[in-house]
Amino acid sequence: MNRLLTAADLVSAPAKPSPASTGATGLEPLHRHALIRTSNADVLRDLAGRRLGAERVDFRNAERFEAIVNLIELETIGLAFGTTTCDMVCDHRAADFIRVQIALKGRAVSCARGEATDVNEHQLAVAPAGVPWQMACQGGHRRLTLRLDPQALRRRLTALVGVQPRADFAVAPAIPAADPQARSLMRLLDFLTTQLNEQDAAFPAAVYRELEDAVHVAFLCASRHRFRDTLLDPSPMPDFGLVKRLEDYIEANWREPITIERLAREAGVSARSIFRLFERVRGYSPMAFAKSVRLRRAHEMLRSGDPAVTVAAAAAACNFANAGHFARYYRATFGELPSATMTRAEQS
């Protein structure tokens, strides 16, 4: 990864380093879940590399060095608190979770896909999963990091709006802190971190699962993406009802040839209108949905272990006339050839 940020990106007037922890009791958010507490920069580099996915950690003005990282991972979210007494720049490997950076004090810069986003009292920063990420922090900067499982987030969004997001579903890198939905998210996280610090008042596991779901919903409402308006104004979209009806029709008639003309007759609108509706509401075409349904049915057949089911039979039953095309589509969807699925089913 090219070096995009350096400590010089956070030039500030020299100041006396402040203790990493605050408050009369010296406790910081998530203090019961300490991961790193050190005054040795090399120790931080080593632990950050092994536990936090950091490839490079550089410091400036590190004469009096202290670092704290607290981390807890729940089922579908994680929460971390971090602070250092000096300026710091970290390069991180791609991770399988979304990062939401919230400044509790001071300023930092988050950078993903070449786009730098300030993390300060005015805005939160979002770094996507699956890409390398950098962060540059001022000395004394205190930040809370929310980790989100993108698959759990996608499932929650689908349940809320009835729309299966595309694989490239994107969230904008900045969230204005003054937005009412962002304030709601931060209040929820403050409550959760406080609860996680209370040793004698732990909630049952079922309550934490509900709180995790609430965090997902709060983030989806606060972040900027193509479904946000639907979440904030959940009145049914006229287009959605028609698209859902056509999808139900495809599911019910998946064994039969599905053409755009047939869908147009069923819907009573033009083929061009159907393509537009699917693209606007779903982000894919009706024929792509029909293909996904047929592939899913073929997958179920090949996993059944039925000796009468062959790859050719499954392809034909699901209206794939070309065996080569079927194998290619199948592998792109399920990560293996149909013959591999069938063989594994026979051996189980």
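User: In this predicted model, which residue of strand 10 does Ala108 stand opposite?
Analyst: Ala108 belongs to strand 7, residues 108–112. Strand 7 runs antiparallel to strand 10 (residues 133–137), and 5 bridges join the two. Opposite Ala108 in strand 10 stands Cys137.

User: How many bridges join strand 7 to strand 8?
Analyst: Strand 8 covers residues 115–119 and runs antiparallel to strand 7. One facing pair is Ala112 with Glu115 of strand 8. The number of bridges joining strand 7 to strand 8 is 5.

User: Which residue in the turn between strand 7 and strand 8 has a positive phi?
Analyst: Strand 7 and strand 8 form a hairpin, with 2 residues between them. In that turn, a phi of about 55° belongs to Arg113.

User: Is strand 7 largely enclosed or largely open, and how many of its residues are buried?
Analyst: Ala108, Ser110 and Ala112 point one way from the strand, and all are buried. Val109 and Cys111 point the other way and are buried too. Strand 7 is therefore largely enclosed by the rest of the structure, and its buried count is 5 of 5.

User: What is the strand order of the open sheet of 7 strands?
Analyst: Pairing in this open sheet is antiparallel. Strand 3 pairs with strand 4 over 7 bridges. Strand 4 is joined to strand 11 by 7 bridges, and strand 6 pairs with strand 11 over 7 bridges. The full order reads 1-3-4-11-6-9-12.

User: Which strands stand at the edges of the open sheet of 7 strands?
Analyst: The order of the sheet is 1-3-4-11-6-9-12. An edge strand here has a single partner strand, so one side of it is left without a neighbour in the sheet. The two edge strands are strand 1 (34–38) and strand 12 (174–176).

User: What is the average twist from one strand to the next in the open sheet of 7 strands?
Analyst: The sheet is open and has antiparallel pairing. From one strand to the next, its twist averages 15°.

User: Which residue of strand 4 does Ile72 stand opposite?
Analyst: Strand 3 and strand 4 run antiparallel as a pair. A hairpin of 3 residues joins them. Ile72 faces a residue of strand 4, and that residue is Leu79.

User: Which residue of strand 11 does Gly82 stand opposite?
Analyst: Strand 4 and strand 11 run antiparallel. Opposite Gly82, in strand 11, stands Arg143.

User: How many residues of strand 4 are buried?
Analyst: One side carries Ile77, Leu79, Phe81 and Thr83, and all are buried. The other side carries Gly78, Ala80, Gly82 and Thr84, also all buried. Both faces are covered. Strand 4 is largely enclosed because the buried count is 8 of 8.

User: Which residue of strand 11 is the bridge partner of Ile102?
Analyst: Strand 6 (residues 98–105) pairs with strand 11 (residues 142–148) in the antiparallel sense. In strand 11, the bridge partner of Ile102 is Leu144.

User: What angle does the direction of helix 4 make with that of strand 11?
Analyst: Helix 4 packs on the sheet. Helix 4 touches strand 4, strand 6, strand 9 (123–127), strand 11 and strand 12. Its direction makes an angle with that of strand 11 of about 105°.

User: At what angle do helix 3 and helix 4 pack, and is the arrangement roughly parallel or roughly antiparallel?
Analyst: Helix 3 spans residues 180–197 and helix 4 spans residues 205–222; their axes are 8 Å apart. The packing angle is about 155°. An angle over 145 degrees counts as roughly antiparallel, so helix 3 and helix 4 are roughly antiparallel.

User: How many nonpolar residues does the contact of helix 3 with helix 4 have?
Analyst: Helix 3 contributes residues including Leu185, Leu188 and Phe191. Helix 4 contributes residues including Leu211, Val215 and Phe219. The contact has 2 polar residues and no charged ones, and its nonpolar count is 15.

User: At what angle do the axes of helix 7 and helix 8 cross?
Analyst: Helix 7 covers residues 260–267 and helix 8 covers residues 271–281. Their axes come within 9 Å. Helix 7 is roughly perpendicular to helix 8, and the crossing is at roughly 90°.

User: Which residues of helix 8 meet helix 7?
Analyst: Helix 7 brings Ile260, Leu263, Ala264 and Ala267 to the contact. By class, the contact has 7 nonpolar, no polar and no charged residues. From helix 8 come Ala271, Ile274 and Phe275.

How values were computed: Residues numbered from 1 in each chain as written. Predicted model: local features only at pLDDT ≥ 70, side-chain atom pairs only at ≥ 80, totals over all residues. Heavy atoms only, no water. Axes fitted to C-alpha atoms, helices over the stretch in contact; angles between N-to-C directions. Helix = DSSP H or I, 4+ residues; strand = E, 2+ residues; numbered from the N terminus. Parallel < 35°, antiparallel > 145°, perpendicular 65-115°, else oblique. Contact = heavy atoms within 4.5 Å. Nonpolar A, V, L, I, M, F, W, Y, C, P; charged D, E, K, R; others polar. Pairing = 2+ DSSP bridges. Buried < 20%, exposed > 50% of the residue type's maximum accessible area, 1.4 Å probe, protein only.
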